[in-house]
Amino acid sequence: MKLKFGIFFCDDEGEKFFGEGPYQLLRGIDELGSLRASAKRMGMAYTKALTLLRHGEEELGFPLTRRKTGGAG
């Protein structure tokens with residue numbers, strides 16, 4: 001038997017907006033240096049990852065990442 005537990009944040013209506021998925025996404029950004037690479041490693045579409053981060057930022061009231069223009073160029 002294994003014990004598992006998690007921590008997540010809910011908005012005023014009780015809807016979860018930040019949990020294990022966004023947390024792993026942020027860990028991947030820290031390790032890999034980009035949202036795109038982190039989303040790809042998780043098998044998540046870039047647009048879905050960006051939506052998760054923006055929603056979290058909106059609910060929390062502060063940025064979760066520092067953004068800069070990147071890419072091959």
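1. A polar contact is a pair of N or O atoms within 3.5 Å; within protein, one atom must be able to donate a hydrogen and the other to accept it. One such pair sits at the start of helix α2, where a side-chain oxygen of S34 comes to within 2.9 Å of the backbone nitrogen of A37. The model discussed here is a predicted one.

2. Helix α2 covers residues 35-42, and its buried residues are L35, S38 and A39. Viewed down the axis of α2, these buried residues fall within an arc of 95 degrees, so they line one face of the helix. An α-helix has 3.6 residues a turn, so residues three or four places apart point the same way. R36 and K40 are exposed, on the other side of α2.

3. What do the buried residues of α2 pack against? Their partners are α1 (20-32) and α3 (46-60). After α2 comes G43, which has a positive phi, near 75 degrees.

4. The structure holds three salt bridges. In one of them, E31 is paired with R27 at 4.0 Å, N to O. E31 and R27 are four residues apart in helix α1, and therefore about one helical turn separates them. A salt bridge requires a side-chain nitrogen of Lys or Arg within 4 Å of a carboxyl oxygen of Asp or Glu, and the distance given for E31 and R27 is 4.0 Å.

5. E31 also forms a salt bridge with R41, with the closest N and O atoms 3.1 Å apart. This pair links distant parts of the chain, since E31 belongs to helix α1 and R41 to helix α2, 10 residues apart. R27, E31 and R41 are thus linked in a network of salt bridges.

6. Are the members of this network buried, exposed or partly exposed? E31 has 47% relative accessibility and counts as partly exposed. R27 is partly exposed at 40%, and R41 is partly exposed with a relative accessible area of 49%. The range for partly exposed lies between the 20% and 50% limits.

7. Another salt bridge joins the side chains of R67 and E57, at 3.0 Å, N to O. R67 lies in the segment after α3 and E57 in helix α3, so the pair ties together parts that are 10 residues apart in sequence. E57 counts as buried because its relative accessibility is 13%, and buried means under 20%.

8. T65 is placed in the segment after α3. Which residues are in contact with T65, leaving aside its neighbours within four places in sequence? They are L26, I29, L53 and E57. Of these, E57 is also the salt-bridge partner of R67. T65 is buried, with a relative accessible area of 19%; the limit for buried is under 20%.

9. At the surface, L3, F5 and I7 make a nonpolar patch of about 470 Å². F5 is found in the segment before β1 (9-10). F5 counts as exposed because its relative accessibility is 74%, and exposed means over 50%.

Key
Residues are numbered from 1 along each chain as its sequence is written. This is a predicted model: local features need pLDDT of at least 70, side-chain atom pairs count only at pLDDT 80 or more; totals for chains, interfaces and linings use all residues. Side-chain values use heavy atoms; hydrogens and water are left out. Buried means under 20% relative accessible area, exposed over 50%, partly exposed in between (1.4 Å probe, protein chains only). Helices (H or I, at least four residues) and strands (E, at least two) are DSSP runs, numbered from the N terminus. The arc is that of the directions from the helix axis to the C-beta atoms. Contact means heavy atoms within 4.5 Å. Patches are made of residues with over 30% relative accessible area and no salt bridge: like charges are joined within 9 Å, nonpolar side chains (Val, Leu, Ile, Met, Phe, Trp, Tyr) within 5 Å. Accessible areas come from the Shrake-Rupley method with a 1.4 Å probe; for residues, only the protein chains shown count as cover.
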